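Please read the following account with the coordinates open beside it, since it moves from the arrangement of the domains to the sheet, the core and a few single residues.

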Amino acid sequence: MISDKLDDLQDYPFWRMNALVGDIPLPDGHDAAIPMWIGEPRHGVPEIARAPLRGSFEGYGVYPPIEGTPSLRRVMAGWLARRYDLPEGLIDPDRAMLPVQGTREGLFTVALAATPRAKGGRAPAALLPNPFYQPYKGGALAAGAEPVFLPCAAGANFLPDLDDLAPDLLDRAAIFYLCSPANPQGAVADLAYLRRAVALARAHDFLLVSDECYAEIYDREPPPGVMQICAEDGDLANVVCFHSLSKRSSAPGLRHGFVAGDPDFLAAFLRLRKYAAASSAMAHYAAAEALWSDEAHVVENRRLYREKIDIAERILAGRFGFFRPPGGFFLWLDVGDGVEAARRLWGEAAVKVLPGRYLAEDRPDGSNDAQAYIRVALVNDLETTRTALTRIAETLG
Ligand SMILES: Cc1ncc(COP(=O)(O)O)c(C=O)c1O
């Protein structure tokens, strides 16, 4: 009655974290831990979303279209073109753009539409960075692709080494998930890297899925996006990117994002989505339209994250391999043993962080590239963040 395919999915990192600390009491005087384990922004949902959320009561009386409304698609395509300075016409709102109900579901279901039964007569593969956002693996397994985990070494800017990929593996790849800015390390792929990834996707005919959900949270320079490469030759073939309002607009509860890119692929994806995926309430589409149309709240969000990274630098510089993440809002700290550190931070400091190990696949010999790390999400207000980081520094010495 229960699919044995589920055996390949280990428990989700957040469950594992709860199990890890389940038997450890918080230190005296604390009835809650400061939450830094989940990338749930807490800057508050921007006010401009309030009116559309209130205003579309009648919208609950209709089935909302899975492809969103024409005006939402236009607004999203306009945002993407402005953000990456794309030529007019590259992103046709009706052919190259679809909303998703949070990019998590889109990143999962995209593998179902991209994975053939066999590629060149062989079992298809899905290429994933390691560590990685966990739904990539879930999607790959559900689609019947063999997940192949690509090491992301600190010395290689925490990105998979594209020159290290065997042509044989690339030939059987159906899909390649790239995450930039990367969760968890905050690494950013430059244009040369993205150009090479697009070229490989076209040469070996797989889908390059560029997860750019953290593209609007950055320290100094706006991270480049894969659509800039498509703009160079006006070709969207073999490439899609994902963007989300969860991080950009601190609205994870809206469950809204989009996928843009290869129109032929998106036509097939939409066909699948008509069967399988959930559309969003009309009020949510309207709120998303308001948020994609506004930049002021994004500038303020970025300012707050930058201020928190400044605080982190003052407290942690020179320790735990601290570095300013070029993108995103996570600190990726080398604490020797991330699992042990997470337990101690819970029990001695009332701070909840995530062991890096829970975000990474073990190597065949049982070792884990992220064993030494913890991921610390800078999602709380400034004072809470300062308190938590001070406790981390004091506890882990
Ligand atoms: C790398 C990455 N991609 C995608 C998502 C999904 O975000 P959402 O489903 O809220 O759009 C997350 C959420 O944490 C993430 O870290």
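In this predicted model, 32 residues of domain 1 are in contact with 26 residues of domain 2. On the side of domain 1 that touches domain 2, the elements giving two or more residues are helix 12 (296-316) and strand 9 (330-334), and helix 12 gives the most, with seven residues. By residue class, that side of domain 1 divides into 15 nonpolar, eight polar and nine charged residues. The domain assignment from which these statements start gives domain 1 as 4-44 + 297-396 and domain 2 as 62-292, and the C-alpha centres of domain 1 and domain 2 lie 25 Å apart.

The sheet comes next. Seven strands form an open sheet with mixed pairing, and their order across it is 2-8-7-6-5-3-4. At its edges are strand 2 (97-100) and strand 4 (146-151), each of which pairs on one side only, while the twist from one strand to the next averages 20°. Within this sheet, strand 6 (residues 207-211) and strand 7 (residues 239-244) run parallel and are joined by four bridges; serine 210, for its part, has cysteine 241 in strand 7 as its bridge partner.

Two helices can be followed against these strands. Helix 4 (residues 103-114) lies across strand 2, strand 3 (125-130), strand 5 (173-179), strand 6, strand 7 and strand 8 (257-261), and runs at about 165° to strand 7. Helix 5 (residues 135-143) also packs on the sheet, where it touches strand 3, strand 4 and strand 5, and the direction of helix 5 makes about 165° with that of strand 3.

Where does the largest nonpolar core lie with respect to domain 1 and domain 2? This core has 120 residues, and those with the most contacts inside it are Ile175, Phe176, Leu207, Leu208, Val209 and Ala260. Helix 11 (residues 282-292) gives the most to the core, with eight residues. Since domain 1 and domain 2 both give residues to this core, it lies between them. Leucine 207 can serve as a point of entry: apart from residues up to four places away in sequence, leucine 207 touches Ala114, Ala174, Ile175, Ala201, Asn238, Val240 and Phe265.

Two further residues, glutamate 105 and valine 353, can be examined one after the other. Is glutamate 105, which is placed in helix 4, buried or partly exposed? Glutamate 105 counts as partly exposed because it has 18 C-beta neighbours inside 10 Å, whereas 20 or more would be needed for a residue to be buried. When its neighbours within four places in sequence are left aside, glutamate 105 is in contact with Val100 and Ala277. The C-alpha atoms of glutamate 105 and glutamate 40, which are 65 residues apart along the chain, are separated by 17 Å.

Valine 353 has its place in the loop between strand 10 (351-352) and strand 11 (354-355). Because 27 other C-beta atoms lie within 10 Å, valine 353 is buried. Its contacts, again leaving aside neighbours within four places in sequence, are Met36, Trp37, Ala342, Leu345, Ile374, Arg375 and Val376. The C-alpha atoms of valine 353 and isoleucine 392 are separated by 9.7 Å, although these two residues are 39 residues apart along the chain.

Technical notes: Residues are numbered from 1 along each chain as its sequence is written. This is a predicted model: local features need pLDDT of at least 70, side-chain atom pairs count only at pLDDT 80 or more; totals for chains, interfaces and linings use all residues. A nonpolar core is a set of buried Ala, Val, Leu, Ile, Met, Phe, Trp, Tyr and Cys residues joined through C-beta atoms within 7 Å. A residue is buried if 20 or more other C-beta atoms lie within 10 Å of its own, exposed if 12 or fewer, and partly exposed in between; C-beta atoms are placed from the backbone. Domain bounds come from an automatic or database domain assignment. Two residues are in contact if their C-beta atoms, placed from the backbone, lie within 7 Å. Two strands pair if DSSP finds at least two bridges between them. Axes are lines fitted to C-alpha atoms, for helices over the stretch in contact, and angles run from 0 to 180 degrees between N-to-C directions. Ala, Val, Leu, Ile, Met, Phe, Trp, Tyr, Cys and Pro count as nonpolar, Asp, Glu, Lys and Arg as charged, and the others, Gly among them, as polar.
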